[in-house]
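Dear colleague,

Please find the structure below, handed over for your records. My findings follow it.

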Amino acid sequence: RLTWEALSMYHVCDYFIKPLTASMECSYVQFIADCKQQPKWMVSHAWSTPLRYTVRMLEAHSLSRYGACWRSTLYWCCTLANN
């Protein structure tokens, strides 16, 4: 059973991204984006790290760099770009 506390990028990829994008044979970003995405940062992370830690780290990084505009910061993350 998956829980938010234990969810890793392995789980996200296997249980969410691959099933969602399989029929279109595309990445998650290609699946959801309506225009070209220009990331500011590339994320290097361990797939085994709980997703909640990765999300928290990205939020902290973006907030420290961009303040009130932190939610519009684009990151390139391999899990979301794989197809």
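Among contacts in the protein chain between residues at least 6 apart in sequence, what percentage join residues at least 24 apart? The figure is 73%, where contact means heavy atoms within 4.5 Å.

This is a predicted model, in which local features need pLDDT of at least 70 and side-chain atom pairs count only at pLDDT 80 or more, while totals for chains, interfaces and linings use all residues. Residues are numbered from 1 along each chain as its sequence is written, and side-chain values use heavy atoms, leaving out hydrogens and water.

The protein chain holds four helices and two strands, in the order α-α-β-α-β-α from the N terminus. These elements are DSSP runs numbered from the N terminus (helices: H or I, at least four residues; strands: E, at least two).

Of the 83 residues, 24% count as buried (under 20% relative accessible area, against over 50% for exposed and in between for partly exposed; 1.4 Å probe, protein chains only). The largest nonpolar core has eight residues, including Leu 7, Val 12, Leu 51 and Cys 77; such a core is a set of buried Ala, Val, Leu, Ile, Met, Phe, Trp, Tyr and Cys residues joined through side-chain atoms within 4.5 Å. Helix 1 (9-21) and helix 3 (51-66) each supply at least two residues of this core.

The count of disulfides (pairs of cysteine sulfur atoms within 2.5 Å) is zero. The sulfur of Cys 69 lies 17 Å from the closest cysteine sulfur, in Cys 35, and is therefore too far away for a bond.

Yours sincerely
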